[in-house]
2 protein chains.
Amino acid sequence: MGTKERKEREKLEMQQKILDAARELFMKDGYENVSIRKIAEKIEYSPGTIYLYYKSKGQIFFVLCFLAFDAFYAEQIKADDITDPLEKLKESGKIYIRFAVENPEYFELMFLMKAPLEDYYDEITSDVSHKSFDYLKENIQECINAGYFKGYDLMTATISTWAFVHGLASLYIKDRLKKMSGKELDDFIENALDLYLESAKK
Amino acid sequence: MGTKERKEREKLEMQQKILDAARELFMKDGYENVSIRKIAEKIEYSPGTIYLYYKSKGQIFFVLCFLAFDAFYAEQIKADDITDPLEKLKESGKIYIRFAVENPEYFELMFLMKAPLEDYYDEITSDVSHKSFDYLKENIQECINAGYFKGYDLMTATISTWAFVHGLASLYIKDRLKKMSGKELDDFIENALDLYLESAKK
DNA sequence: TTGTAACTATGAACGGTGTTCAGTAATTTA
DNA sequence: TAAATTACTGAACACCGTTCATAGTTACAA
């Protein structure tokens with residue numbers, strides 16, 4: 001009889017249900033403002049039930065983060081159909097910033113948080129986060145091959161570009177560029193990216 | 001009689017005492033892990049007393065943040081004696097990164113934390129944080145006057161440069177550049193800064 | 001010196017949090 | 001159908017930031 005299989009399936013469904021509810025709430029209200037009780041209420045179970053499927057609130061968030069790295073990478077490779085390496089890099093940067101803006105909580109977890117994740121961080125994320133870094137590195141290598149980034153070695157150019165885009169993204173989502181807003185900022189980022197990468201042309 | 005003056009002084013002393021205790025605890029354990037009760041315990045008063053001097057935990061944090069900006073600005077202007085605008089900008093960048101590395105908690109407070117500042121942020125910090133931003137902006141203007149940053153307008157060049165340096169600093173203090181270590185990284189940052197700013201020469 | 005007004009400090013209490021666990025209800029197995 | 005396993009509950013625990021009635025202390029005029 002398939003009881004065991006059904007139970008397995010039901011367990012996964014429940015885990016998914018919790019994940020979905022948690023994601024929605026985290027995105028809407030931020031990690032700190034979402035309680036286990038609220039997640040439980042959303043899926044119409046008691047708070048204790050959550051702990052039968054995840055061992056802590058942090059773990060729920062972490063699993064979502066892991067999925068976020070996947071989603072991030074999936075976004076990144078959408079630049080793949082651009083053949084010109086510099087244009088591809090430009091698009092990559094826009095994707096990076098767009099991801100940060102649309103998923104600030106995930107972005108924080110992936111690139112900004114230090115503290116409580118250290119326990120899990122290395123073991124799980126390293127694979128999936130290195131994928132994105134390597135993707136960028138390959139793109140930069142293509143640029144170098146095409147004559148851009150003269151004077152930079154591969155690693156310096158990669159990290160510099162990452163730092164530039166990352167800096168824009170973090171200043172923005174942390175409201176340090178608040179004088180701008182919406183469309184105005186989109187234009188600015190577009191412009192800043194253009195100029196940074198154009199200046200790599202030489 | 002100087003009763004009123006003495007009371008005033010005692011009030012300031014108490015505020016300072018709270019600030020010192022809070023700073024020490026925040027630096028050691030992070031904002032979220034420090035409770036009003038712990039601050040109160042450290043200064044050997046009851047929790048309620050804190051609220052006679054500061055209206056919330058967030059406000060205590062905010063005042064510390066304000067002081068950090070002052071300390072940061074004091075570091076920044078040490079680049080003033082350099083006359084060549086590009087060299088000055090380079091030094092400024094190094095100071096920024098050095099400040100981040102040597103005071104990661106303050107740096108986090110000033111540029112990375114989002115948390116409780118929103119309410120007060122504008123009114124008070126704007127002055128002191130704008131001072132640093134304006135300092136950078138003036139430096140960039142000098143560079144533009146000297147023929148650098150061709151194609152950039154002032155604001156774009158300022159924010160771009162900030163983003164680049166800020167990105168390097170945050171990736172570093174958040175251990176995202178962990179493949180490097182110590183001297184190796186110092187050299188890298190030196191090199192990356194050089195290259196970024198050289199490419200502004202044209 | 002005394003009485004009162006003003007100030008300072010207290011700590012219990014409120015409504016919230018993440019998490020645990022004894023107990024109950026439902027389901028599966030025999 | 002009875003026993004055993006599983007799923008779930010929700011009260012309880014130890015925290016949190018914050019408030020406020022109360023108590024203690026100090027200042028100063030009478």
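In this predicted model, the surface near DNA strand C divides into 8 nonpolar, 8 polar and 5 charged residues. In total, 21 residues surround the strand. The closest are Ser35(A), Gly48(A), Ser56(A), Lys57(A) and Gly48(B). Both chains give elements with two or more residues to this surface. From chain A these are helix H2 (36-42), helix H3 (47-50) and helix H4 (57-76). From chain B they are helix H1 (3-29) and helix H3 (47-53). H3(B) gives the most, with 4 residues.

DNA strand D has 20 residues around it. Tyr45(A), Gly48(A), Ser35(B), Gly48(B) and Ser56(B) come nearest. Here the elements that give two or more residues are helix H1 (3-29) and H3 of chain A, together with helix H2 (36-42), H3 and H4 of chain B. By class, the surface near DNA strand D has 8 nonpolar, 8 polar and 4 charged residues. Gly48(A) and Gly48(B) are listed among the closest residues for strand C, and both are listed again for strand D.

The two protein chains were then superposed. Chain A can be laid on chain B with an RMSD of 1.5 Å. The operation is a turn of 178° with a shift of 0.4 Å along the axis. The two copies are therefore related as by a two-fold rotation axis. In chain A, the C-alpha nearest this axis belongs to Gly167(A), at 1.4 Å.

The contact between the chains takes 27 residues from chain A and 27 residues from chain B. On the chain A side, helix H6 (104-112), helix H8 (154-173) and helix H9 (183-198) each supply at least two residues. H8(A) gives the most, with 10 residues. This side of chain A divides into 15 nonpolar, 8 polar and 4 charged residues. Of the interface residues of chain A, 96% are also interface residues in chain B, so the copies meet through the same surface.

Helix H6 of chain B was examined for burial. Of its 9 residues, 7 are buried, so the helix is largely enclosed by the rest of the structure. The buried residues are Tyr106(B), Phe107(B), Glu108(B), Leu109(B), Met110(B), Phe111(B) and Leu112(B). The cover over them comes from both chains. It includes H6 of chain A, along with helix H4 (57-76), helix H5 (85-102) and helix H8 (154-173) of chain B.

Within chain A, one helix pair was analysed. The axes of H4(A) and helix H5 (residues 85-102) come within 9 Å and cross at roughly 150°. The crossing is right-handed. Phe72(A), Glu75(A) and Gln76(A) in H4(A) meet Ser92(A), Ile95(A) and Phe99(A) in H5(A). The residues of this contact divide into 3 nonpolar, 2 polar and 1 charged.

In chain B, helix H4 holds Ile60(B). Ile60(B) has 25 other C-beta atoms within 10 Å. Burial requires 20 or more, so Ile60(B) is buried. Leaving aside neighbours within four places in sequence, Ile60(B) is in contact with Ile18(B), Leu19(B), Ala22(B) and Tyr54(B). Ser46(B) lies 14 residues from Ile60(B) in sequence, and the two are 16 Å apart in space, C-alpha to C-alpha.

Terms used:
Residues numbered from 1 in each chain as written. Chains lettered and ligands numbered in written order. Predicted model: local features only at pLDDT ≥ 70, side-chain atom pairs only at ≥ 80, totals over all residues. Near = placed C-beta within 6 Å. Nonpolar A, V, L, I, M, F, W, Y, C, P; charged D, E, K, R; others polar. Least-squares fit on C-alpha atoms with pLDDT ≥ 70 in both. Contact = placed C-beta atoms within 7 Å. Buried ≥ 20, exposed ≤ 12 C-beta atoms within 10 Å, placed from the backbone. Axes fitted to C-alpha atoms, helices over the stretch in contact; angles between N-to-C directions. Left-handed = near helix turned anticlockwise from the far one by under 90°.
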